[in-house]
Amino acid sequence: MRVSKQWTEEGLTARKSGSGPRNVTSAREDRLVRMAQTDRTAFSRQLAAQWSTATRVSLCASSIRRRLLQRGLRARIPLYRIPLTQNHRRLRLHWANVNRSWRADWQQVVFSDKSRFNL
């Protein structure tokens with residue numbers, strides 16, 4: 001109702017300055033970005049724990065997540081994969097040498113990462 005009333009009276013829907021919770025960190029001393037950049041695989045809960053031990057000020061994980069997302073930073077999960085064996089490398093090299101002059105009709109090729117197609 002307040003937004004509707006403000007729109008009809010003033011033609012504005014903006015929040016008043018100074019409303020909402022105050023920031024625990026200032027833009028100048030924002031260590032969260034440095035903490036997130038040094039350990040790219042750290043989750044927001046880990047960063048919150050590091051922040052509270054370093055500054056003795058509690059900051060919830062959702063605030064950290066929102067603040068880092070605004071700056072374009074996301075946690076990166078390390079990729080675990082099975083290393084290639086010598087046999088895998090030999091077979092890949094053999095396939096590449098056999099198909100070196102392979103020419104595909106790209107109008108007939110379908111790329112998909114979602115489903116299997118049976119034609």
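At what angle do α2 and α4 pack, and how far apart are their axes? That was my opening question for this predicted model. I read off an angle of about 85°, with the axes of α2 and α4 10 Å apart. Angles of 65 to 115 degrees count as roughly perpendicular, so I noted α2 and α4 as roughly perpendicular to each other.

Next I looked up who meets whom in this pair. From α2 come L32, V33 and A36, and they meet I64, R67 and L68 of α4. Sorted by class, the contact of α2 with α4 holds five nonpolar residues, no polar ones and one charged.

**Entry: the chain as a whole**

I stepped back to see what I was dealing with. The chain has five helices and zero strands, so my element list, from the N terminus on, simply reads α-α-α-α-α. Of the 119 residues in the chain, 15% are buried. I also checked how far along the chain the contacts reach. Among contacts with a separation of 6 or more, 56% are between residues 24 or more positions apart.

**Entry: α3 against α4**

Which helix angle did I find for α3 and α4? They pack at about 110°, and their axes lie 8 Å apart. By the cut-off I used above, α3 and α4 are therefore roughly perpendicular to each other. On the α3 side I listed S44, R45, L47 and A48, and on the α4 side A61, I64, R65 and L68. The residues of this contact of α3 with α4 divide into five nonpolar, one polar and two charged. I64 and L68 were familiar from my notes on α2 with α4, and here they are again in the contact with α3.

**Entry: S44**

I picked S44, in helix α3, for a closer look. Is S44 buried or exposed? Its relative accessibility is 13%, and buried means under 20%, so S44 counts as buried. Leaving out residues up to four places away in sequence, S44 touches A61, I64 and R65. I had met these three already on the α4 side of the contact with α3.

**Entry: the second largest pocket**

I then turned to the second largest pocket, which holds about 210 Å³ of space. How many residues line the second largest pocket? I counted 14 in its lining, with A42, L68, L73, R74 and A75 nearest the centre. Two or more lining residues come from each of α2 (31–38), α3 (44–55) and α4 (61–70). Of these, α4 gives the largest share of the lining, three residues. By class, I noted eight nonpolar, two polar and four charged residues in the lining. L68, one of those nearest the pocket centre, is also in my list for α2 with α4.

**Entry: A75 and R40**

Since A75 is among the residues nearest the centre of the second largest pocket, I followed it up. A75 sits in the loop between α4 and α5 (86–98). With a relative accessible area of 40%, A75 is partly exposed. Which residues does A75 contact, apart from its neighbours within four places in sequence? I found R40, A42 and F43. One of these, A42, is 33 residues from A75 along the chain, yet their C-alpha atoms are separated by 6.1 Å.

My last stop was R40, in the loop between α2 and α3. R40 has 28% relative accessibility and counts as partly exposed. Apart from residues up to four places away in sequence, R40 touches L73, R74, A75 and R76. Among these, L73, R74 and A75 also stand in my list of residues nearest the pocket centre. I noted I77 too: its C-alpha atom is 8.3 Å from that of R40, with the two positions 37 residues apart along the chain.

Key:
Residues numbered from 1 in each chain as written. Predicted model: local features only at pLDDT ≥ 70, side-chain atom pairs only at ≥ 80, totals over all residues. Heavy atoms only, no water. 1 Å grid on protein atoms, 1.4 Å probe; cavity = no way out; pocket = protein on both sides within 12 Å on 5 of 7 lines; lining within 4 Å. Points joined across faces, edges and corners; volume = space filled by probe spheres on them. Helix = DSSP H or I, 4+ residues; strand = E, 2+ residues; numbered from the N terminus. Nonpolar A, V, L, I, M, F, W, Y, C, P; charged D, E, K, R; others polar. Buried < 20%, exposed > 50% of the residue type's maximum accessible area, 1.4 Å probe, protein only. Contact = heavy atoms within 4.5 Å. Axes fitted to C-alpha atoms, helices over the stretch in contact; angles between N-to-C directions. Parallel < 35°, antiparallel > 145°, perpendicular 65-115°, else oblique.
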